[in-house]
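Subject: Structure for you to look at

Hello,

Here is the structure I said I would pass on. Please open it first, then read the notes below beside it.

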Amino acid sequence: DRARRALLLVLLRAEVALAAAGAEEETARARELALVARQGLGLLGPAAAPATIQVTVAPPPTPPPVPEAEPARPAEPEPELTERERGILQRLVTGASNAEIARDLYLSEATVKGYVSRLMRRFERDNRTQLALLAARWFDPTGG
């Protein structure tokens with residue numbers, strides 16, 4: 001059953017290729033392919049004359065319209081930040097944990113946690129992920 005469906009598909013594509021073929025070489029290849037598919041399907045008579053087969057080719061479905069991209073929002077200006085706040089936010093954007101930030105900036109984890117909490121309140125964010133997403137709009141997370 002799978003082989004029969006595959007041969008029917010080959011025959012259909014060969015018929016489409018025949019209809020669209022321009023050059024003699026393309027037409028000859030499409031005819032050969034159709035002949036092989038017909039033979040495999042047992043559609044050739046005893047005298048090897050091709051049987052008549054009706055194939056209806058529908059145009060391909062129209063793809064859905066591509067939504068227009070939203071216009072890029074202008075970058076938000078970076079608020080006034082201390083060097084320490086900037087360093088913490090830059091590392092927060094990269095997904096660093098409080099422990100990693102503390103290690104990088106030679107601070108205690110408690111100090112980093114305090115900074116992060118104050119920054120979340122200051123910028124009205126409920127969690128560090130929201131704060132990191134906001135900060136990502138202000139500067140390059142690699143620090144450049």
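A residue is called buried when its relative accessible area is under 20%, exposed when that value is over 50%, and partly exposed in between. Please keep in mind that this is a predicted model.

Overall make-up

The protein has six helices and zero strands, so read from the N terminus the order of elements is α-α-α-α-α-α. Of its 144 residues, 24% are buried. The accessible surface comes to about 10700 Å², and carbon and sulfur atoms account for 55% of that. If you take the contacts between residues at least 6 apart in sequence, 53% of them join residues at least 24 apart.

Helix 2

Helix 2 covers residues 24–41, which is 18 residues. At 1.5 Å a residue it should span 26 Å, and its end C-alpha atoms are indeed 26 Å apart, so the two values agree. Which residues of helix 2 are buried? They are Thr27, Ala30, Ala34, Ala37, Arg38 and Leu41. Looking down the helix axis, these buried residues fall within an arc of 100°, which means that they line one face of helix 2. The face turned away from that buried side carries the exposed residues Glu24, Glu25, Arg29, Glu32 and Val36. What do the buried residues of helix 2 pack against? Their partner is helix 1, residues 2–20. Just after helix 2 comes Gly42, with a positive phi of about 75°.

Helix 3

Helix 3 runs over residues 83–93, and its buried residues are Glu85, Gly87, Ile88, Leu89, Gln90, Leu92 and Val93. The cover over these buried residues includes helix 4 (98–105), helix 5 (109–122) and helix 6 (128–136). A glycine with positive phi follows here as well: Gly95, just after helix 3, has a phi of about 90°.

Asn98

Asn98 is found in helix 4. Is Asn98 buried or exposed? Its relative accessibility is 17%, so Asn98 counts as buried. Setting aside neighbours within four places in sequence, Asn98 is in contact with Glu109, Val112, Lys113, Val116 and Arg128.

When you go through the model, you could begin with the two faces of helix 2, with Thr27 among the buried residues and Glu24 among the exposed ones on the face turned away. After that, turn to helix 3 and find helix 4, helix 5 and helix 6 among what covers its buried residues.

Regards

Methods
Residues numbered from 1 in each chain as written. Predicted model: local features only at pLDDT ≥ 70, side-chain atom pairs only at ≥ 80, totals over all residues. Heavy atoms only, no water. Buried < 20%, exposed > 50% of the residue type's maximum accessible area, 1.4 Å probe, protein only. Helix = DSSP H or I, 4+ residues; strand = E, 2+ residues; numbered from the N terminus. Contact = heavy atoms within 4.5 Å. Expected span 1.5 Å × (residues − 1). Arc of directions from axis to C-beta. Areas by Shrake-Rupley, 256 points an atom, 1.4 Å probe, with all protein chains shown as cover.
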